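Let's take a relaxed walk through this protein, starting from a single residue and working outwards. Have a look at the sequence and the model first.

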Amino acid sequence: MTTTSIKSGKPAQERAEDDAKVRATVETILKDIETRGDAAVRELSLKFDRYAPAAFRLTPSEIEAAMAQVSARDMEDIRFAQTQIRRFAEAQRASMRDVEVETLPGVVLGHRNIPVQSVGCYVPGGKFPMVASAHMSVLTASVAGVPRIVASAPPVNGAPHPAIVAAMHLGGAHEIYVLGGIQAVGAMALGTESIEPVDMLVGPGNAFVAEAKRQLFGRVGIDLFAGPTETMLIADDTVDAELCATDLLGQAEHGYNSPACLITNSRKLAEGTIREVERLLTLLPTAETASASWRDFGDVILCDTHDEMLAVANEMAYEHVQVMTDRDDWYLANMHSYGALFLGARTNVANGDKVIGTNHTLPTKRAGRYTGGLWVGKFLKTHSYQRILTDEAATLIGEYGSRLCMLEGFVGHAEQCNIRVRRYGRKNVPYGTAAE
């Protein structure tokens, strides 16, 4: 395979060193929250967000007051987005059915899809308050039937962000907290004197939030391992450099460490896109952030063929993958490792992030090799059950079970089978031996 790096970002070693610093910081903070509870959370909120109200949980009247600050147009847009997301989530939920089947006469096996009982939904704030993340986590959990949905977002300018509060409330949150960063996910997962712990954490966040979720995994479930947002364009000469540059910078503005990559078989497009990025950075209001991402985490990779482009893309397994080629359906059929696909020049990541209806909480850092993104099924646990209805079935299964248990040396296991062979099959099986 012949590939050429036209532009590359920060070396992997430097990225690993950055990750190590984040890990150490998060570990220390989580231990403090676990040890000191509310006191630690309050100190952290004051330190990082300059916010320490009497209570971090919003009351119904505070929720109403926040929502009253949202303009009619913004509220209409929020409701429109939630309608699209709800429709798709409901269709996904309808595709997941409980199962019951009689595999042998008298032997019934099945499974039930049961909602997780409590979920903590984190919604990022900071420089870019992520209103849409409330739809993606809270609303989707609501469609799944989660009975306790806790939502948390940091304050913005020293107060709850009105549109985020509106999105959380309309999405179905039962508890809304004004808490950000590690202190939010730590409090929801570990619990404090005032916050009951949850069973699962979901939602995107910065590197510190992502690392906190990673370290808390096991104590609680998480939606997926996620880092800074990633965007990849797979493009040929059916599109132009301005479109590609716009789409790369549209995601690079998320943060200083948001990877953006172009894979193409057109040198003209590769070089033209680099020039267009530099031009647009002179115009983009968020250029300070986007330029740092492009400088340190931007890649342009030139391949000879579409097969090579496909192989590179699957290996990199980026979060957002835009495909703009003369064979988009071929990529849809053959891509296997990614967060979400955006097919055709009319489609873009921003629509997927905000309004189109699919979920924007997606795997990063090559996690698309083994998991998909957040969806209604992430909030459901599939539990199996078994039932034997007849004496004949109990005897038949018991005889096989007895022999297979003895094959492995588990005599106590075998006796669980044998006692039923004796009782329901009225057969004489000496204690501690395999059934005939």
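Start with Pro363, which sits in the loop between helix 14 and strand 14. Helices here (H or I, at least four residues) and strands (E, at least two) are DSSP runs, numbered from the N terminus. A quick word on the ground rules: residues are numbered from 1 along each chain as its sequence is written, and side-chain values use heavy atoms, with hydrogens and water left out. This is a predicted model, and local features need pLDDT of at least 70, side-chain atom pairs count only at pLDDT 80 or more, while totals for chains, interfaces and linings use all residues.

Is Pro363 buried or exposed? Pro363 is buried, with a relative accessible area of 0%; buried means under 20% relative accessible area, exposed means over 50%, and partly exposed is in between (1.4 Å probe, protein chains only). Leaving aside neighbours within four places in sequence, Pro363 is in contact with Leu224, Phe225, Glu319, Tyr338, Gly339, Gly368, Thr371, Gly372 and Gly373, where contact means heavy atoms within 4.5 Å. As for Gly339, its C-alpha is 5.3 Å from that of Pro363, though the two are 24 residues apart in sequence.

The loop between helix 14 (349-354) and strand 14 (380-388) also holds Arg366. Phi of Arg366 is near 70 degrees, a positive value in a residue other than glycine. Most residues other than glycine have a negative phi. Arg426 has a positive phi too, near 50 degrees, and lies in the segment after helix 16 (411-425).

Here are four residues from this tour, side by side:

| Residue | Relative accessible area | Class |
|---|---|---|
| Pro363 | 0% | buried |
| Arg366 | 31% | partly exposed |
| Phe88 | 36% | partly exposed |
| Arg426 | 64% | exposed |

Phe88, from the table, belongs to helix 4 (residues 72-95). Setting aside neighbours within four places in sequence, Phe88 is in contact with Gly357 and Thr358. There's a long jump in sequence here as well: Phe88 and Val376 are 288 residues apart along the chain, yet 9.3 Å apart in space, C-alpha to C-alpha.

Now zoom out. The protein has 16 helices and 14 strands, and its C-alpha atoms fill a box of roughly 90 × 60 × 45 Å, taken along the principal axes. Of its 436 residues, 52% count as buried. Among contacts between residues at least 6 apart in sequence, 73% join residues at least 24 apart.

What about the inside? In soluble globular proteins, nonpolar side chains tend to be buried together. A nonpolar core is a set of buried Ala, Val, Leu, Ile, Met, Phe, Trp, Tyr and Cys residues joined through side-chain atoms within 4.5 Å. The largest one has 70 residues, and those with the most contacts inside it are Val119, Met168, Leu201 and Phe379. Helix 5 (residues 131-144) gives the most to this core, with eight residues. Apart from it lies another core, of 21 residues, among them Cys244, Leu249, Leu262 and Trp294.

How many disulfides does the structure hold? Zero, a disulfide being a pair of cysteine sulfur atoms within 2.5 Å. Take Cys244: its sulfur is 11 Å from the closest cysteine sulfur, in Cys261, so it is too far for a bond. Cys244 is also buried, with a relative accessible area of 0%.

Finally, the empty spaces. On a 1 Å grid over the protein atoms alone, a cavity is a set of points where a 1.4 Å probe fits but cannot get out, and a pocket is an open set with protein on both sides within 12 Å along at least five of seven lines; lining residues have an atom within 4 Å of a point. Grid points are joined across faces, edges and corners, and a volume is the space filled by probe spheres set on the points.

There are three cavities of 30 Å³ or more, and the largest has about 50 Å³ of space. Its lining includes Leu58, Pro160, Met168 and Tyr177. Helix 6 (162-171) and strand 6 (175-178) each supply at least two residues of that lining.

The largest pocket has about 1,000 Å³ of space. Of the 40 residues that line it, the closest to its centre are Pro124, Gly125, Gly205, Asn206 and Ala207. Helix 1 (12-36), helix 2 (38-49), helix 7 (181-190) and helix 8 (207-216) are the elements that give two or more residues to this lining.
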